[in-house]
Amino acid sequence: MFSLPLRFFTIPLFMAVLALSGCQTAPQKGLTPAQVTMLKQQGFELTDEGWAFGLSGKVLFGSDVETLNLQSTEIVERIGKALLSVGIERVRVDGHTDTSGKEPYNEQLSLRRAKSVGKVLTTAGMKEQNIQLRGLGSSQPVTSNDTAAGRTENRRVSIVVSAD
């Protein structure tokens, strides 16, 4: 006599528990406000591909040069440490060239530039497997290659943080 009402009470209670367990908050996707603040403080800008730090304007690379100068090395080390300090452990490094030279060579040169930045990021503490390297050659200029100043701007590396 007592078991009949208990069964009718137990089934709805069980269903309510199941429904509520589906309402748990999912883990946050994307970047936290603290991470976005740090990216902005370091000079990153939001782009269609994520937060990008374009290393142009700092004359990272001379013509046909793939190694970083001391000032650029210090900038990349600072950025790597800042990213890690807010829990950003994955980046993409895109190397670029101007239009001097043949494109197959430029693609390899731009990849070597990306690798040199990747090495500095690993020195700063990032794991090598968390750094994606791309050599884009002269396919994505930021300005015209018709002047020496324009070519200098296009010899760059970008560090990109995805919001995923």
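Start by selecting Ala82 and showing what surrounds it: setting aside neighbours within four places in sequence, Ala82 touches Met38 and Gln42. Keep in mind throughout that this is a predicted model.

**Stop 1: Ala82 and its partners**

Colour residues 70–85 and you will see helix 3, the home of Ala82. Is Ala82 buried or exposed? Its relative accessibility is 11%, and buried means under 20%, so Ala82 counts as buried. Now pick the C-alpha atoms of Ala82 and Gln41: your viewer should draw a line of 9.7 Å between them, although these residues sit 41 places apart along the chain.

**Stop 2: helix 2**

Next, select residues 33–42, which form helix 2, and highlight its buried residues: Gln35, Met38, Leu39 and Gln42. Why do they sit on the same side of helix 2? Because they cover an arc of only 100° around the axis. Two of these buried residues, Met38 and Gln42, are the contacts of Ala82 from the opening stop.

Turn the view to the face pointing away from the buried side, and you will find the exposed residues Pro33, Lys40 and Gln41. Gln41 is the residue you used for the C-alpha distance to Ala82.

Which elements cover the buried residues of helix 2? Show strand 2 (50–54), helix 3 and strand 5 (157–161), which are included in that cover. Before moving on, click Gly43, just after helix 2: its phi is positive, about 100°.

**Stop 3: helix 4**

Now select residues 103–123 to bring up helix 4, and pick out Asn106 within it. Asn106 has a relative accessible area of 2%, so it is buried. Beyond its neighbours within four places in sequence, Asn106 is in contact with Thr97, Asp98, Thr99, Ser100 and Gly101, and also with Gly137 and Ser138.

Zoom out to take in helix 4 from end to end. Its 21 residues reach 30 Å from the first C-alpha to the last, close to the 30 Å expected at 1.5 Å a residue. Asn106 has company on the buried list for helix 4, which includes Leu109, Ser110, Arg113, Ala114 and Ser116, as well as Val117, Gly118, Val120 and Leu121. To see what these buried residues pack against, show helix 3, strand 3 (91–95), strand 4 (131–135) and strand 5. Helix 4 is followed by Gly125, another residue to click: its phi is positive, near 120°.

**Stop 4: the largest pocket**

Switch on a surface view for the last two stops. The largest pocket has a volume of about 320 Å³. It is lined by 16 residues, and those closest to its centre are Thr47, Ala52, Gly54, Ser158 and Val160. Which elements give two or more residues to this lining? Colour strand 1 (45–47), strand 2, strand 3 and strand 5 to see them. Strand 2 supplies the largest share, with 3 residues. By type, the lining divides into 4 nonpolar, 7 polar and 5 charged residues.

**Stop 5: the second largest pocket**

Finish at the second largest pocket, which holds about 230 Å³ of space. Select Ile88, Arg90, Val161, Ser162 and Asp164: of the 16 lining residues, these are the closest to its centre. Strand 3 and strand 5 are the elements that give two or more residues to this lining. Its residues divide into 6 nonpolar, 6 polar and 4 charged.

Methods: Residues numbered from 1 in each chain as written. Predicted model: local features only at pLDDT ≥ 70, side-chain atom pairs only at ≥ 80, totals over all residues. Heavy atoms only, no water. Helix = DSSP H or I, 4+ residues; strand = E, 2+ residues; numbered from the N terminus. Buried < 20%, exposed > 50% of the residue type's maximum accessible area, 1.4 Å probe, protein only. Contact = heavy atoms within 4.5 Å. Arc of directions from axis to C-beta. Expected span 1.5 Å × (residues − 1). 1 Å grid on protein atoms, 1.4 Å probe; cavity = no way out; pocket = protein on both sides within 12 Å on 5 of 7 lines; lining within 4 Å. Points joined across faces, edges and corners; volume = space filled by probe spheres on them. Nonpolar A, V, L, I, M, F, W, Y, C, P; charged D, E, K, R; others polar.
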